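User: I am new to this entry and would like to be walked through it with a few questions. Could you show it first?

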Amino acid sequence: MQLLKHLPPDEFSRRLSQGEIPLRIGPYVYNLQSNLSGVAAGIRTLYPDFTLAGPDDFVDYNVALLSRNALQRLRGEAEFLFDMKAPFDAIPIGQAYAFLEWGMNWCVSLHTNEYLKLHAAVVSRGDCAVIMPGTPGAGKSTLCAALGLRGWRILSDEHAMIPPNTTDVVPLCRPVGLKNESIEVIRRFSPDAVLGPVSKETHKGVVAHMKADLHPASHDTKPLRAKVMIFPRYARDEPQQLSPRRRSDSFILAAYHSFNYSLLCETGFEAMKTLIENIDCYDLVYHDLDWAIGAMDGLPDVQGEQ
Amino acid sequence: MSFLLQQLLLEPQRILALDNNQLTHALSQARSSRLLGSLACEMQALGIDKQLPQTVDRHFDAARLIHEKQKRDLRYDTDKIQLALNSVGEKMVLLKGAAYLLAELPVGRGRFITDIDIIVPRHRIDAAEKALLNFGWQTGDIDPYNDQYYRKWGHEIPPLTHSKREITLDVHHNILPPTAGPDVNAGLLFEQLIEIQPGIFTLSWRDMVIHSATHLFHEGEFHHGLRDLWDLDRMLRDFPERDPQFWEGLVSRARELQLTGSLFHGLNYAQQVFGTPLPDGILEETGSWTRAGRKPLMDFLFLRAFRPDHPDCKLPFTGLALSLLYLRSHYLRMPLYLLLPHLVRKAWMRQFEKDKEETH
């Protein structure tokens, strides 16, 4: 089993520029290509512990971040490519790394339907997985990163993938995307946080990704049982609290946060029903990360795992 | 000249003999040609999909589910469009993808759609547009030049979008712009409509084929070229079974619509790329001396365009061929005295818009 960090730097650069870096990420193989040094540096910083798939393995997603021709290089632009086609407009090279990560999310958001997919972070303690759906800005990624830095396992920062008719989540551990103030918050929170390239002036502001595979089991592909769903909300001026939430409301909110609930139709409804009926739901209002982590550590489903 | 995706579409069972590398390429080609759903359904029909490794079949499954969802949404959206059009006494006539899907034709199996196309008689287009605007459709953000251009020189009004639905509606009054060479009498199309479900109409089988071929050979961009040719192949295999007289009337109908040239190319390339069975003599009947003379050049261009838009499948000079076809499409669409000022204006606008964006 060869890890990315085992590749000598010049071999890594050569293979990356030729599109021969197939990485095992959760249940998928992503093949990466880039001719940009910033992107190469980002991948080496954030993915060193990921396993390389072999040259004879099936590749699920062929992705690339390339400056494709002289005109693009002159303009300082690059494109995200999926199957060597550009689904989005070209972007300034300074944003390339963030776009690679978003593009990799997009592959799963748009092209997989074997799971009910929620837009959510997933973390675990022992065998208990916690799903945290969240609208952008609700603080799910910041909380997810902080939990990862305090010994929780990060299963995903973006997709909770639930095989229909189970209460399992399938891990898809990739770097955690941090935006704007969150970047400094996490840097201050722990000196152990490893951050990749900073992309400025993206449509989401300043973006940097944090290495997420900090737990010994980070690369296990085995599904984990989800026992808790928490809807986090960062609020500076409100009292912090972790309070139970009704299942019926949670169903609707979780469906709202799903990428493919309506696409899966009846299967989607049954999958969501099975999940929500077997899971405890909470609202979490917080502004202090240590407090939030303490509160989550204290949940009955989680405590038994410690 | 054959390529992997073409072989798989015609003989899906060949996928079982592929190694992982070839499977990676096959899926990638199918996805970038927008044919993953079609291939998935071809395989499902033969029961091959379940013999594939689950890691591969899950992508076909995902594509089938996307197709099913599009079909459900299409039923909902066309219900609403039908209500809008009926409110002004117009019937809903679907074109292309929407027609294939709702008519449950083999050509619609697994096919993805990106928008809904309908056609109404030219003199009813204002009434139809008003009705659709009343029912929640809106003209997208379009600048006055483009709006004018559509209305004056186009064969459709500017695309409509719906405030709550993520779909575009193209309302046509003809199948070619009035500036193009052939002067298509669109009124003829309405004389032979088929009612596929109560209140839902499509063009006749022959007109569907002629329209598809016309669209393909006046198109400037070929990202979906192979998919569109696959549509033609599926229809040409299916329609003769629905109507035993299908072939006999096809050429005379094309003549009536002044679209024999497009039909010739459509039949010719469907046969060259997908081996579509054609009756003897039909190519000669639609062909002409000038077409025969131009054939080597056309083959050079189109056989490059009808390959997956994927690096695996590029032939020498593919880029050049696509550029020439792009120019050709403009030249076919309008005479030079209209085309040149239009292209200059568009180039100017692109530059101008770029500057505007950068100052934001």
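Analyst: What follows is a short exchange on chain size, one sheet and the core. This is a predicted model, in which local features need pLDDT of at least 70, side-chain atom pairs count only at pLDDT 80 or more, and totals for chains, interfaces and linings use all residues. Residues are numbered from 1 along each chain as its sequence is written, while chains are lettered from A and ligands numbered from 1 in the order in which they are written.

User: What is the radius of gyration of chain A, and does it agree or disagree with a compact globule?

Analyst: The radius is taken over C-alpha atoms, and the globule rule is 2.2 Å times the number of residues to the power 0.38. With 306 residues, a compact globule would come near 19 Å, so the value for chain A agrees, at 19 Å.

User: Which strands stand at the edges of the open sheet 11-13-12 of chain A?

Analyst: Strands are DSSP runs of E with at least two residues, numbered from the N terminus, and two of them pair if DSSP finds at least two bridges between them. The sheet is antiparallel, in the order 11-13-12. Because each has a single partner strand, one side is left without a neighbour in the sheet for strand 11 (176–179) and strand 12 (199–202).

User: In strand 13 of chain A, which residue is the bridge partner of S199(A)?

Analyst: Strand 12 and strand 13 (residues 205–210) of chain A pair in the antiparallel sense over two bridges. In strand 13, the partner of S199(A) is V207(A).

User: What percentage of the residues of chain A count as buried?

Analyst: A residue is buried if 20 or more other C-beta atoms, placed from the backbone, lie within 10 Å of its own. Of the 306 residues of chain A, the buried share is 48%.

Definitions and conventions
Buried ≥ 20, exposed ≤ 12 C-beta atoms within 10 Å, placed from the backbone. Helix = DSSP H or I, 4+ residues; strand = E, 2+ residues; numbered from the N terminus.
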